[in-house]
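Visitor: I should like to understand how the descriptive terms applied to a structure are justified. May we go through them one by one?

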Amino acid sequence: MLSELCCKHIPLAYVKWVASFLAIHKAAICIDGKCGAMEHMVNGIPQGSPISPILTAFYTANLLEQFQPKQAGQGEPNPDKTTDVHLLIYVDDGKLYMSSKSLETNVTHLKEAYNEAKKWLKAAGLSPDYAKRELMHYTRRKNDGSPSISFDDGDGTHQIVKTKSTVRWLG
């Protein structure tokens, strides 16, 4: 976190404040109304603090930058009218989206983008929540079907994410 702030040229006084903020928090695990002892947190950003979403945004900024629109070359063929894959992030919820004339093209590009994001998360010491993956297609054509996306989760499991008529965002 602190090195990310330095890379973003945040003034040293703020970086030191964040270091202090991150160094002095404690947490306890509570299950069925029984709480364990308060323990010092070794890493992570405390939830519930107004500064936490801001720090998370700085920490994930490089991931967002990977999904910035790229400059299209002059005269490149684009028969599907494919857009770049875009990423929206709010704290720990992310959404990949794109557009083309083909749902199969969308599925291919979204799968590649998801794997790219997963690789970045792993390098940053984070991981996606596999149970929260959802897929929705928007189309006016009735014959397009609803292609799903299959993933190798890297732990030997293979998951298929099928389309849904509704998805949860920030919930």
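Guide: Let us begin with C6, which is partly exposed at a relative accessible area of 42%. The model is a predicted one.

Visitor: Why is C6 called partly exposed?

Guide: Buried requires under 20% relative accessible area and exposed requires over 50%. The value for C6 is 42%, so C6 is partly exposed.

Visitor: Why is C7 called exposed?

Guide: The relative accessible area of C7 is 56%, and the cut-off for exposed is over 50%, so the term applies.

Visitor: How do you know that the sulfur of C6 is too far from the closest cysteine sulfur for a bond?

Guide: The closest cysteine sulfur to that of C6 is in C7, at 7.1 Å. A disulfide needs sulfur atoms within 2.5 Å, so C6 and C7 are not joined.

Visitor: What makes C30 and C35 a disulfide?

Guide: Their sulfur atoms are 2.1 Å apart, which is within 2.5 Å, and therefore the pair qualifies. The structure holds 1 disulfide. The link of C30 and C35 is right-handed, with 105° about the S-S bond.

Visitor: Are C30 and C35 buried or exposed, and why?

Guide: C35 has 53% relative accessibility, over the 50% cut-off, so C35 counts as exposed. C30, at 43%, lies between 20% and 50% and is therefore partly exposed.

Visitor: Why is the aromatic pair of W17 and F21 called stacked?

Guide: The structure holds 2 aromatic pairs. In the pair of W17 and F21, the centres are 5.4 Å apart and the planes make an angle of 10°. Centres within 6.5 Å make a pair and planes under 30 degrees apart count as stacked, so the description holds. Both residues lie in helix α2 (residues 12-23), 4 residues apart, about one turn of the helix. W17 is partly exposed at 47%, whereas F21 counts as buried at 18%.

Visitor: Why is the pair of Y114 and F151 called tilted?

Guide: The angle between the planes of Y114 and F151 is 55°, and the centres are 4.6 Å apart. Stacked requires under 30 degrees and edge-to-face over 60, so this pair is tilted. The pair links distant parts of the chain, with Y114 in helix α4 and F151 in strand β7 (residues 149-152), 37 residues apart.

Visitor: How do you know that Y114 and F151 are buried?

Guide: Y114 has 14% relative accessibility, and F151 has 5%. Buried means under 20%, so both residues meet the criterion.

Visitor: What makes K8 and E65 a salt bridge?

Guide: The N to O distance between their side chains is 2.8 Å; the limit is within 4 Å, so K8 and E65 form a salt bridge. The pair links distant parts of the chain: K8 is in the loop between α1 (2-7) and α2, and E65 is in helix α3 (residues 52-66), 57 residues apart.

Visitor: How do you know that K132 forms a salt bridge with D93?

Guide: The closest N and O atoms of K132 and D93 are 2.7 Å apart, within the 4 Å limit, and therefore the pair counts. K132 lies in the loop between α4 and β7, and D93 in strand β6, 39 residues apart. K132 counts as partly exposed at 45%, while D93 is buried at 14%.

Visitor: Why does the pair of E134 and K164 count as a salt bridge?

Guide: The closest N and O atoms of E134 and K164 are 3.4 Å apart, which is within 4 Å, so this pair also meets the definition. The structure holds 3 salt bridges.

Visitor: What makes the link between the side chains of S100 and N106 a polar contact?

Guide: The two side chains approach to 2.7 Å, and the limit is 3.5 Å, so the distance satisfies the definition. The side chain of S100 also reaches the backbone oxygen of S102 at 2.8 Å. S100 is found in the loop between β6 (93-97) and α4 (103-123).

Visitor: Why is S100 called buried?

Guide: The relative accessibility of S100 is 16%, under the 20% cut-off, and therefore S100 counts as buried.

Definitions and conventions. Residues numbered from 1 in each chain as written. Predicted model: local features only at pLDDT ≥ 70, side-chain atom pairs only at ≥ 80, totals over all residues. Heavy atoms only, no water. Helix = DSSP H or I, 4+ residues; strand = E, 2+ residues; numbered from the N terminus. Buried < 20%, exposed > 50% of the residue type's maximum accessible area, 1.4 Å probe, protein only. Polar contact = N/O pair within 3.5 Å; in protein donor to acceptor, adjacent residues only side chain to side chain. Phe/Tyr/Trp six-rings, centres within 6.5 Å; stacked < 30°, edge-to-face > 60°.
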